[in-house]
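Trainee: Could you take one spot in this model and go through it closely with me? After that, I'd like to hear how you'd work outward to the rest.

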Amino acid sequence: MSATLTFLGAAGTVTGSKHFLESGQTRLLLDCGLFQGLKELRQRNWAPSPVPAPSIGGVLLSHAHIDHSGALPRLGREGFRGPIYCTGGTADLLKIMLPDAARLQEEEAEFANRHQTSKHQPALPLFTTADAEGVLTQVRPVGFNERFSPAPGVTARFINSGHILGAGLVEVSIDGRTVVFSGDLGRYGVPIMRDPDPVPAADVLLVESTYGDRLHPADDHHDRLTAAVARAVQKKGWLLIPSFAVGRSQEILYDLRALEDASRIPSLPVYLDSPMAIEATAIYARHPEEHDEDLKRVEASGERPFAPKRVRICKSVKDSKRLNDTDGPGIIIAGSGMATGGRILHHFVRRLPDERTTVLFVGYQAAGTRGRLLREGAREVRMLGQVVPVSAAILVSDSYSAHADQGEILRWLGGFTRPPETTYIVHGEPDAATALQELITTRLKWRAFVAQDGQRVSLG
Ligand SMILES: [Zn+2]
């Protein structure tokens, strides 16, 4: 009997990445991500694993983002005891991201119990800090391109995908067939991360399609950042940058330092106000083997790439709140990236009513988030139990992205020396996945299908 693959998540959507590879006694998961966003998706996180957790032999994890890794503690809670293979960078990031995800779950449950906002009595966390710590002991880091055997007769390796630190494509050889899973594909020619490595061949390919129907806007993020800093200087106010802790915060620090070096902006105090971003930045600095040529050049010159001249870190909440009484101009980088929580909220409460304040959004703002409301021009927003009037200038920079766009996905597919026998499009909203499938079919003349949720396919 030949191996089969079942799409258990990130099929028709961009979260919950999870694919089940099975052959005889071999039972492996590619990724084990949380569903995020809409309620009906999030509710799926509570269902028992469609494959009994104790029966799973191992997990091959493409990268640390929670929509790819965040269901691991839950799987551990249900009895999964196998190894979790990933790169060293991913292993380091998991150590901060899984406990953080658990803490958010615990806080949410505690809030629901205190305010009786849940129909469940008592409300329980999806998983606990202890669950997260438990699965972290099962992590087995392996180097990029190092072949390992996750099950008898099966070999695998991770290939740099250029998405975030540690991110890999997964190549698995099973029953004489080669499966390549793109994980999340990164971009070409961006600072910090290397370009995605080409893969010459696969029998079956799973490719992500987050931006399968779109091209990123032209790179103007240096201009946008310069304009935002210039306004803060001119108004003697604060520039608030809500940012994701892993990846984006390091890009912002890197760009601020580069703009200072080029004398395009003055050196303002820059406060990195996020414990997770502080740790993630240290982890990025600790993995020089993953740095691209730009980053290596900066390091060779003796500079610290993620350190603008007057960078400060705010470890404690007290450090963070102290900024409320500090005069600008200055820059605060804080989470969460969509202003759904985190320390950015108390800065918003304090600074949004002040017209001297500038806000710069540097990432995707999902529907229903405060970030989306603000970027759409809301004149007031609710947070921390208050209605906060908005007099600050709200600026947006849309050209930051850690995902390949349509052109970059095609560029990466162009690295194959022969077409895969079958290509499945995963990790995309239906329009994006369909657009990519049509393009692959018509332009490359490959056999390509949009993966359906729950669908089981033969690799034979
Ligand atoms: Zn990702």
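Mentor: Let's start with D131 and R77, whose side chains make a polar contact at 2.5 Å. Keep in mind throughout that this is a predicted model. D131 sits in helix α5, residues 129-136, while R77 belongs to helix α3, residues 72-77. So you have a side-chain link between two helices, and the two ends of it don't share the same surroundings: D131 has a relative accessible area of 15%, under the 20% cut-off, so it counts as buried. R77, at 44%, falls between that cut-off and the 50% needed for exposed, so it is partly exposed.

Now look at what else touches each of them, skipping neighbours within four places in sequence. For D131 the list is P73 and R77. Both of those residue numbers fall inside α3, which covers 72-77. For R77 you get L126, F127, T128 and D131. Take L126 from that list: R77 and L126 are 49 residues apart in sequence, yet 9.7 Å apart in space from C-alpha to C-alpha.

From there I'd hop to the metal. The zinc ion takes its protein donors from H63 (NE2), H65 (ND1), H163 (NE2) and D184 (OD), with distances of 2.2 to 2.3 Å. Along the chain those donors follow the spacing H-x1-H-x97-H-x20-D. Pick out H63 and D184 and you can see distant parts of the chain being linked: H63 is in the loop between β4 (58-60) and α2 (66-69), D184 is in the loop between β10 (177-181) and β11 (204-208), and 121 residues separate the two. H63 and D184 are both buried. As for geometry, the angles subtended by the four donor atoms run from 91 to 166 degrees, and that makes the arrangement irregular. The upper end is what rules out tetrahedral here, because that label needs all angles between 85 and 135 degrees.

While you're in the β10 to β11 loop, check I192, which is found there as well. I192 has a positive phi of about 75 degrees although it isn't a glycine, and its relative accessible area is 3%, so it is buried. A10 is another one to check: its phi is positive too, about 50 degrees, and again it's no glycine. You'll find A10 in the loop between β1 (4-9) and β2 (18-23), buried at 1% relative accessibility.

Next, the nonpolar packing. The largest nonpolar core has 67 residues, and the ones with the most contacts inside it are L93, I241, L256, I331 and I333. Helix α4, residues 88-115, gives the most to this core, with eight residues. There's also a second, separate core of 27 residues, with A11, L21, L30 and Y424 among its members. If you want one residue to click on, try I333. Leaving out neighbours within four places in sequence, I333 is in contact with I241, S243, S249, I252, L253, L256, V270, Y271, L272, D273 and S274.

Several of those partners take you to helix α7, residues 248-261, which has 14 residues and reaches 20 Å from first C-alpha to last, close to the 20 Å expected. Of its 14 residues, 12 are buried, so α7 is largely enclosed by the rest of the structure. The buried set isn't just nonpolar side chains: R248, Q250, E251, D255, R257 and E260 are included, alongside I252, L253 and L256. Just past the end of α7, S263 takes a positive phi of about 55 degrees.

Last stop, two cis peptide bonds. One joins G328 and P329, with omega about 0 degrees, and P329 sits in the loop between α10 (317-322) and β15 (330-334). The other joins G335 and S336, with omega about 5 degrees, and S336 is in the loop between β15 and α11 (344-351). And since you'll probably scroll past H287 on the way, note that H287 lies in the loop between α8 (275-285) and α9 (293-300). H287 is buried at 9%, and its contacts beyond four places in sequence are G88, G89, D92 and L165.

Definitions and conventions:
Residues numbered from 1 in each chain as written. Predicted model: local features only at pLDDT ≥ 70, side-chain atom pairs only at ≥ 80, totals over all residues. Heavy atoms only, no water. Core = buried A, V, L, I, M, F, W, Y, C linked by side-chain atoms within 4.5 Å. Buried < 20%, exposed > 50% of the residue type's maximum accessible area, 1.4 Å probe, protein only. Helix = DSSP H or I, 4+ residues; strand = E, 2+ residues; numbered from the N terminus. Contact = heavy atoms within 4.5 Å. Donors = N, O, S within 2.8 Å, 3.2 Å for Na, K, Ca; no water. Tetrahedral: all angles 85-135°; square planar, octahedral: opposite > 155°, others 65-115°. Expected span 1.5 Å × (residues − 1). Polar contact = N/O pair within 3.5 Å; in protein donor to acceptor, adjacent residues only side chain to side chain.
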